[in-house]
Amino acid sequence: MNAKEMAKMAIEALEDKKAEDIRIIDISEVSVIADYFIIASGGNRNQIQTLCDNVQETLGRAGCPERQTEGYQTANWILMDFGDVIVHIFDRENRRLYDLERIWRDGKQMEVEDLEG
């Protein structure tokens, strides 16, 4: 499965559990750590953990190996590393604080439709 397909599946899993403000950043031209960052927010600890669980389950069933997950217990920022796709799930406060969209502004902001085809 390629990175675009993985990113699309992760986004669908996030949308399925009502993630807020989902953003996609193509970082393939500016970093070797991954092709895509997916950034989303949840309203509370339980929702953030549910978002993480659904992404893990969805990509796991599709055969995408997860390298690492960090921050699950505190659930203020969960980082999920699937190799070419890294998923960040924040609470609202920490998303504003860390502002990954600004830090990775050299990457290309994308829409879900850009992942088609």
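Which residue in E5 is the bridge partner of Gly-42? The answer is Asp-91, and that pair is a good way into this predicted model. Gly-42 belongs to a strand, E2, that is covered on both faces, and E2 sits between E5 and E1 in an open sheet of six strands. The points below start with the sheet, move to E2 and its partners, and finish with the helices.

**The sheet as a whole**
- Reading across the open sheet, the six strands come in the order E3-E4-E5-E2-E1-E6, and their pairing is mixed.
- Strand E3 (68-70) and strand E6 (108-110) form the edges; each has a single partner strand, so one side of each lacks a neighbour in the sheet.
- From one strand to the next, the twist averages 20°.
- As general background, strands of a sheet pair through backbone hydrogen bonds, in either a parallel or an antiparallel arrangement.

**E2 and its two partners**
- With E5 (residues 85-91), strand E2 (residues 36-42) pairs in the parallel sense, over seven bridges.
- Along this pairing, Ile-38 stands opposite Val-87 of E5, while Gly-42 has Asp-91 as its bridge partner.
- With E1, the pairing of E2 is antiparallel and runs over five bridges.
- Here Glu-20 has Ser-41 in E2 as its bridge partner.

**How E2 is enclosed**
- Seven of the seven residues of E2 are buried, so the strand is largely enclosed by the rest of the structure.
- On one side of E2, the buried residues are Tyr-36, Ile-38, Ala-40 and Gly-42.
- On the other side of E2, Phe-37, Ile-39 and Ser-41 are buried as well.
- Helix H1 (residues 3-16) lies across E2, together with strand E1 (20-26) and E5.
- The direction of H1 is at about 5° to that of E2.

**A closer look at Thr-58**
- Helix H2 (residues 45-61) is where you will find Thr-58.
- Is Thr-58 buried or exposed? Its relative accessibility is 16%, and buried means under 20%, so Thr-58 counts as buried.
- A polar atom of the Thr-58 side chain lies 2.8 Å from the backbone oxygen of Asn-54.
- Setting aside neighbours within four places in sequence, Thr-58 is in contact with Met-9 and Ala-13.

Definitions and conventions. Residues are numbered from 1 along each chain as its sequence is written. This is a predicted model: local features need pLDDT of at least 70, side-chain atom pairs count only at pLDDT 80 or more; totals for chains, interfaces and linings use all residues. Side-chain values use heavy atoms; hydrogens and water are left out. Two strands pair if DSSP finds at least two bridges between them. Helices (H or I, at least four residues) and strands (E, at least two) are DSSP runs, numbered from the N terminus. Axes are lines fitted to C-alpha atoms, for helices over the stretch in contact, and angles run from 0 to 180 degrees between N-to-C directions. Contact means heavy atoms within 4.5 Å. Buried means under 20% relative accessible area, exposed over 50%, partly exposed in between (1.4 Å probe, protein chains only). A polar contact is a pair of N or O atoms within 3.5 Å; within protein, one must be able to donate a hydrogen and the other to accept it, and residues adjacent in sequence count only if both atoms are side-chain atoms.
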